Amino acid sequence: MKKIILILAISTSLAGCFEEEKKEETRTVDWFLKHEDVLFKTLDQCQNDPGELEKTPNCKNATRAYHIR
């Protein structure tokens with residue numbers, strides 16, 4: 001009985017480790033060009049955490065929009 005409780009406790013605590021992350025909606029270059037306030041906010045976030053965010057679609061699209069505006 002103790003083994004079953006222990007297994008249930010461990011499996012319940014590990015379940016949170018595998019939850020899907022909420023995906024951010026990917027914005028296009030054209031969208032960023034029409035929403036400059038969000039463009040600059042996104043660029044600030046990307047520059048503040050390049051290790052995590054630099055390669056994300058929104059950082060790439062925001063950077064591209066910034067360079068062609």
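This report walks through V29 and the aromatic residues of a predicted model.

## Around V29

Let's start with V29, which is found in helix α2, a stretch covering residues 29–34. With a relative accessible area of 19%, V29 is buried, because the cut-off for that label is under 20%.

So who does V29 touch? Leaving aside residues up to four places away in sequence, its contacts are N61, R64, A65 and I68. As for R69, that residue is 40 places from V29 along the chain, and the two C-alpha atoms are separated by 9.9 Å.

## Two aromatic pairs

A pair of aromatic rings is described by how far apart the centres are and by the angle of the planes. Here the count comes to two such pairs. One is W31 with F32: the ring centres are 5.5 Å apart and the planes sit at 85°, so this pair is edge-to-face. W31 is partly exposed at 22% relative accessibility, whereas F32 is buried, at just 1%.

F40 and Y66 also make an edge-to-face pair, because their planes are at 80°, with 6.2 Å between ring centres. This pair links distant parts of the chain, 26 residues apart: F40 belongs to helix α3 (residues 36–48) and Y66 to helix α5 (residues 57–68). F40 counts as partly exposed, at 32% relative accessibility, and Y66 is partly exposed too, with a relative accessible area of 37%.

## A charge over W31

Back to W31 for one last detail. The charged end of R27 sits over the W31 ring, 4.2 Å from the ring's centre.

Definitions and conventions. Residues numbered from 1 in each chain as written. Predicted model: local features only at pLDDT ≥ 70, side-chain atom pairs only at ≥ 80, totals over all residues. Heavy atoms only, no water. Helix = DSSP H or I, 4+ residues; strand = E, 2+ residues; numbered from the N terminus. Buried < 20%, exposed > 50% of the residue type's maximum accessible area, 1.4 Å probe, protein only. Contact = heavy atoms within 4.5 Å. Phe/Tyr/Trp six-rings, centres within 6.5 Å; stacked < 30°, edge-to-face > 60°. Lys NZ or Arg CZ within 6 Å of the ring centre and 35° of its normal.
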